[in-house]
Amino acid sequence: MRLPFTMWLLFALFVGGVNTQQAQARNCLDMSTTGDYLGLKVGETLERLFAFKTPCFIVSYLPTVRSSQMLIAGEIDGELLRIADFPPYKNADVVMVPVPLIDGKGILVSSDPDITSVENVGRGLLGVLRGIEWSTMASKGHVNRVLLPTAGVMVDMFNTGRLDAFLIDNINLRQYENKLVDAHKTVVMERHAYIWLAGKHRDLVPDISRVLEEFYADGNSFVGF
């Protein structure tokens, strides 16, 4: 018998609530990442992948700077999607799971085909997402840089002529492709992003690595492509 859509929706919400309660009862690790397209995709997939494994994860979505501060302060168990050489973690009591969550590309988007690097932007206004370390490092030293809260704001500013160029990762870029059809895009950086855990959970690294390796061996991806 086919159920009405509203009944399917209520059922899905009920099951989701049960899974969350079960996860909390199992003392899952409290993880954090950004609330953008990439963070949501990876967070949701990771929760499902580890739902019935040890450890399991509950992912919250926070501003990127706050997320790393909470891990360093011991307020959460881990963070998703940080690069291997993330400066604040250099001397902190944290440990990285060596199997990457994504292989990401840093993209420079501009309206001028001659702008193929940050240096080429010259004195033009360059948009960078606040708290995103790879773009902050890639744009370091640029004299006319503006830090922005979301990719959506950045794309809107670019399309209305208030930015000459901006930096964005290839995965978040996908949701704005239809708004950037005529823009020129250049890969300026390639990086991996990882799970980081509080040092007290370092014994969980082998188990997490094994699950991730099996996930990839089956042809899966955290972002669906």
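L81 sits in strand 3, and in this predicted model its backbone does something a little odd: phi is near 70°, a positive value in a residue other than glycine. With a relative accessible area of 14%, L81 falls under the 20% cut-off and so counts as buried. L81 also turns up at the cavity described next, among the residues closest to the centre of the largest cavity.

By the rule used here, there is one cavity of 30 Å³ or more. The volume of the largest cavity comes to about 400 Å³. A total of 31 residues line the largest cavity, and those closest to its centre are L38, L81, I132, W134 and D169. Quite a mix of elements takes part in the lining: helix 2, helix 3 (64-72), strand 3 (78-82), strand 5 (102-110), helix 4 (133-138), strand 8 (165-169), helix 6 (170-173) and strand 9 each put in at least two residues.

Stepping back to the whole chain, the fold is built from seven helices and nine strands. Of its 225 residues, 45% count as buried. Taking contacts between residues at least 6 apart in sequence, 70% join residues at least 24 apart.

Strand 1 (residues 29-33) pairs with strand 2 (residues 57-61) in the parallel sense, over five bridges. To get from strand 1 to strand 2, the chain goes through helix 2 (residues 37-49), and this β-α-β crossover is right-handed. On the way there is a cis peptide bond, between T54 and P55, with omega at about 5°. P55 belongs to the loop between helix 2 and strand 2.

S32 gives a good view of this part of the fold. The residue lies in strand 1, and its bridge partner in strand 2 is S60. Its relative accessibility is 0%, so S32 counts as buried. The side chains of S32 and S67 are joined by a polar contact of 2.8 Å. Leaving aside neighbours within four places in sequence, S32 is in contact with S60, L62, S67, I76, G78, E79 and L80.

A second parallel pair is formed by strand 6 and strand 7, joined by four bridges. Here helix 4 is the connecting piece: strand 6, helix 4 and strand 7 make a right-handed β-α-β unit. Across the pair, L126 stands opposite R145 in strand 7. R145 is partly exposed because its relative accessibility, 33%, lies between the 20% and 50% cut-offs.

The side chain of R145 has two polar links worth pointing out. One reaches the backbone oxygen of T136 at 3.2 Å, and the other is a polar contact of 2.9 Å with the side chain of S139. Not counting residues up to four places away in sequence, R145 touches L125, L126, V128, T136, S139 and K140. R145 and R123 are 22 residues apart along the chain, with their C-alpha atoms separated by 9.1 Å.

Helix 5 (residues 151-159) comes next, with A151, G152, M154, V155, M157 and F158 buried. These buried residues pack against strand 5, strand 6 (126-129), strand 7 (145-148) and strand 8. Just after helix 5, G161 takes a positive phi of about 80°.

That leaves strand 9 (residues 184-198), where R191 is found. R191 has a relative accessible area of 26%, over the 20% limit for buried and short of the 50% for exposed, so it is partly exposed. Its side chain makes a polar contact of 2.6 Å with the side chain of D85. D85 is also one of the residues that R191 touches once those up to four places away in sequence are set aside, together with I83, I102, D103, G104 and M137. R191 and P100 lie 91 residues apart in sequence, with 9.7 Å between their C-alpha atoms. Strand 9 itself also supplies at least two residues of the lining of the largest cavity, which brings the description back to where L81 was placed, among the residues closest to the centre of that cavity.

Methods: Residues are numbered from 1 along each chain as its sequence is written. Side-chain values use heavy atoms; hydrogens and water are left out. Buried means under 20% relative accessible area, exposed over 50%, partly exposed in between (1.4 Å probe, protein chains only). Contact means heavy atoms within 4.5 Å. A polar contact is a pair of N or O atoms within 3.5 Å; within protein, one must be able to donate a hydrogen and the other to accept it, and residues adjacent in sequence count only if both atoms are side-chain atoms. Two strands pair if DSSP finds at least two bridges between them. A crossover is right-handed if, with the strands pointing away from the viewer, the path from the first strand over the helix to the second runs clockwise. On a 1 Å grid over the protein atoms alone, a cavity is a set of points where a 1.4 Å probe fits but cannot get out, and a pocket is an open set with protein on both sides within 12 Å along at least five of seven lines; lining residues have an atom within 4 Å of a point. Grid points are joined across faces, edges and corners, and a volume is the space filled by probe spheres set on the points.
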